[in-house]
Amino acid sequence: MANGTAAGGQLTTTTEVENFPGFPKGIMGQELMDNMRQQSERFGTEIITDTVAMLDLSSRPFRYSTEFSPDETHTADAIIVATGASARRLDLPGEAKYWQNGISACAVCDGALPIFRNKPLFVIGGGGPGPRGQQEGDEIRGGPDGLMTHVVVRDAATADKLDVVEANGLFYAVGHDPATALVKGQVAMDDEGYIKTTPGTTMTSVDGVFAAGDVQDKRYRQAITSAGTGCMAALEAERYLAEQEES
């Protein structure tokens, strides 16, 4: 498994995960991913801490190379693409400071956290591309505890400051960008760049290539649904390889 130099996906950038089954008191995102890594290694998974830079699906076996060793080509008989998607940001002043300390891109994932519970919250966008934030002034403000406390509201046309309102949470709903550049032009994708899979499966338009998680899911985008499609992809890849050996 090639997991890149920043392994673990979006869960490593979140704080407490409260909606993953089996953890009644919740678990930190980084800890959850570390546990998954240790479990996979216990069953013999070889994890490559490098990023796949080239993937050629035009012939079998499939060929790939990594960023650290671009001149060294490796082969694979089956591929599971689980590169995920990244939430779009607005680049508001204060955004980086209060990301996961008041700002989140997943209301479903984080809305029940104690820092948001029964507090005034704001939502920007409706799921698609949203407006860019103004690049002047303190758009997002916080308290001495490092948590967000207020948001500056400006006129979208003139950028004039209208008010400073209390807000302990700001949820972005301005869309995601699937990480599909590696397979662009090689497998079928929809208009937004998500990999198309055969309904009810993780099979892509290329035999032996499977897609799991947010890279093919723009509807649910939850850790548990990604884990579920990951299981599906593993089973389907195993079945595919067994069929290839028999033929």
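Two residues are taken to be in contact when heavy atoms of one lie within 4.5 Å of heavy atoms of the other. With contact understood in this way, the structure, which is a predicted model, can be described from its helix α4 outwards. The buried residues of α4 pack against two strands, β6 (79-81) and β15 (209-211), and these buried residues are Thr229, Ala233, Glu236, Ala237 and Tyr240. In an α-helix there are 3.6 residues a turn, so residues three or four places apart point the same way. Helix α4 itself covers residues 223-246, and at 1.5 Å a residue its 24 residues should span 34 Å; the C-alpha atoms at its ends are 35 Å apart, which agrees with that expectation.

The strands β3 (52-56) and β4 (62-66) form a hairpin with five residues between them, and they pair in the antiparallel sense over four bridges. Within this pairing, Val52 has Thr66 of β4 as its bridge partner. The loop that links β3 to β4 holds Pro61, and the peptide bond leading from Arg60 to Pro61 is cis, with omega near -5 degrees. On strand β4 there is also a pairing with β5 (residues 74-76), which runs antiparallel to β4 and is joined to it by three bridges; here Tyr64 stands opposite His74 of β5. Because four of the five residues of β4 are buried, this strand is largely enclosed by the rest of the structure.

In soluble globular proteins, nonpolar side chains tend to be buried together. In the present model, the largest nonpolar core has 15 residues, and those with the most contacts inside it are Leu92, Ile103, Ile140, Met148, Leu170 and Tyr172. Two strands, β11 (148-154) and β13, are the elements that give two or more residues to this core. A second core, separate from this one, has 14 residues and includes Ala76, Val183, Ile195 and Val209. Returning to the largest core, Ile140 touches Leu92, Ile103, Met148, Leu170 and Tyr172, and its further contacts include Pro93, Gly94, Glu95, Tyr98 and His150, when residues up to four places away in sequence are not counted.

Several residues in loops were also examined. Asn168 is found in the loop between β12 (161-166) and β13 (169-172), and since its relative accessibility is 16%, below the 20% limit, Asn168 counts as buried. Its contacts, again leaving out residues up to four places away in sequence, are with Gly102, Ile115, Phe116, Lys119, Pro120, Leu121, Met148 and Thr149. One of these, Met148, is also among the residues with the most contacts inside the largest nonpolar core.

Positive phi values in residues other than glycine occur at Asp91, where phi is near 60 degrees, and at Gln100, where phi is near 65 degrees. Asp91 lies in the loop between β7 (85-87) and α2 (95-98), whereas Gln100 lies in the loop between α2 and β8 (103-104). As for their exposure, Asp91 has a relative accessible area of 40% and is therefore partly exposed, while Gln100, at 13% relative accessibility, counts as buried.

Note on methods:
Residues numbered from 1 in each chain as written. Predicted model: local features only at pLDDT ≥ 70, side-chain atom pairs only at ≥ 80, totals over all residues. Heavy atoms only, no water. Expected span 1.5 Å × (residues − 1). Buried < 20%, exposed > 50% of the residue type's maximum accessible area, 1.4 Å probe, protein only. Core = buried A, V, L, I, M, F, W, Y, C linked by side-chain atoms within 4.5 Å. Pairing = 2+ DSSP bridges.
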